[in-house]
Each structure stands twice: as structure tokens, then as C-alpha cells.
Amino acid sequence: MAEAIQKKLKAELEKYTQMQKDVSKSMSARQKLETQLTENNIVKEELDLLDSTNTVYKLIGPVLVKQDVDEAKATVTKRLEYINGEIQRYETLLKDMEKKSEQHREVLSSLQQEFQRAQGLAVGKV
């Protein structure tokens with residue numbers, strides 16, 4: 001009986017460990033998005049200081065290409081919308097993962113208690 005519980009415990013622990021790795025990856029991706037959001041907000045602030053008479057260049061590969069100020073502003077605004085959407089998606093994903101992680105912790109705890117009881121019974125029979 002204790003061996004079966006131990007196998008369940010090991011399998012559940014592996015699932016929990018994988019979930020923690022997934023949470024870590026998601027948090028890392030979210031941090032990258034936060035960095036991109038900050039950078040793009042700075043670019044937007046700088047573009048807001050310009051008027052249509054100013055010249056803006058966009059780096060495409062190794063070449064600087066002239067770009068319309070309004071087009072640059074629109075591009076940055078769309079990029080900010082996308083990044084904010086992705087951040088929201090990761091927030092939801094992380095909350096969901098946290099709930100699942102808590103459920104795994106509860107299952108692990110109950111399996112550990114069950115395993116300890118089974119070991120105690122086995123020791124009592126010897």
C-alpha cells in the first residue's frame with residue numbers, strides 16, 4: 001500500500017515541479033513584456049514631442065529609412081496595445097497556474113500524510 005502511495009506522490013511531485021517551471025517561464029516572458037512596454041512608452045513620449053516638420057528614421061536591418069511622424073506614432077500606439085494585451089493574457093495565465101499550483105500542493109500534502117500513515121501501519125505490523 002505504501003509503495004502505491006509513494007508512486008502517486010512521486011508522479012504528483014513531478015507534475016508540480018513541471019508546473020513551477022512553467023510559472024517561472026511565464027513570469028520571465030511577462031517581465032520581458034514589461035521591459036518592452038517601458039521602452040515603447042519612452043518612444044511614444046519622445047514622438048509626442050515632435051510635429052510633422054520633424055524627420056523620423058526607422059531602423060530596418062542595417063539601414064535607417066525615413067518614416068512619417070504620424071505613421072511612427074501609429075506604429076508605436078499599436079505596439080503598446082499589443083504589449084498591454086499580452087501582459088493581460090500572461091496575468092490571466094499566471095493566476096490560473098497559481099490556482100492549479102495550490103491544488104497540486106494540497107494533493108501533495110494529503111498524499112504525504114497518507115504515505116506517513118501507511119508507513120506507520122507498516123512499522124506497527126513488523
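How many residues apart are E102 and R105 in helix α2? They are 3 residues apart, about one turn of the helix. I will come back to that pair after the helices and the cores.

First, the ground rules. This is a predicted model, in which local features need pLDDT of at least 70 and side-chain atom pairs count only at pLDDT 80 or more, while totals for chains, interfaces and linings use all residues. Residues are numbered from 1 along each chain as its sequence is written, and side-chain values use heavy atoms, with hydrogens and water left out.

Now the helices. Helices here are DSSP runs of H or I with at least four residues, numbered from the N terminus. Helix α1 covers residues 2-48. The expected span of a helix is 1.5 Å times one less than its number of residues. For the 47 residues of α1 that gives 69 Å, and the end C-alpha atoms are 68 Å apart, so the two values agree.

Next, burial. Buried means under 20% relative accessible area, exposed means over 50%, and partly exposed is in between, using a 1.4 Å probe and protein chains only. The buried residues of α1 include I5, L9, E12, Y16 and M19 near the start of the list, and L37, N40 and L47 at its end.

Some buried residues form cores. A nonpolar core is a set of buried Ala, Val, Leu, Ile, Met, Phe, Trp, Tyr and Cys residues joined through side-chain atoms within 4.5 Å. The largest one has 12 residues, among them A29, L33, L37, L47, V56, V69 and Y90. Helices α1 and α2, the latter being residues 69-125, each supply at least two residues of this core. The most comes from α2, with 7 residues. Apart from this core lies another, of 7 residues, including L9, L108, L111 and F115.

Two residues show the packing in detail. Contact means heavy atoms within 4.5 Å. Leaving aside neighbours within four places in sequence, L47 touches V56, A72, K73 and V76. The other residue is S101, in helix α2. Its relative accessibility is 1%, so S101 counts as buried. With the same neighbours set aside, S101 is in contact with Y16, M19 and Q20.

Further along α2 is G120. At 45% relative accessibility, G120 is partly exposed. G120 and A2 are 118 residues apart in sequence, but their C-alpha atoms are 9.6 Å apart in space.

Last, the charged pairs. A salt bridge is a side-chain nitrogen of Lys or Arg within 4 Å of a carboxyl oxygen of Asp or Glu. By this rule there are 7 salt bridges.

Back to the opening pair. E102 and R105 form a salt bridge, with the closest N and O atoms 2.7 Å apart. E102 is partly exposed at 34%, and R105 is partly exposed at 31%.

Also in α2, D96 bridges to K100, with the closest N and O atoms 3.6 Å apart. These two are 4 residues apart, which means about one helical turn between them. D96 is partly exposed at 36%, as is K100 at 38%.

In helix α1, K44 and D48 are likewise 4 residues apart, and their side chains meet in a salt bridge at 3.3 Å, N to O. K44 has 30% relative accessibility and D48 has 44%. Finally, R30, E34 and E91 are linked in a network of salt bridges.
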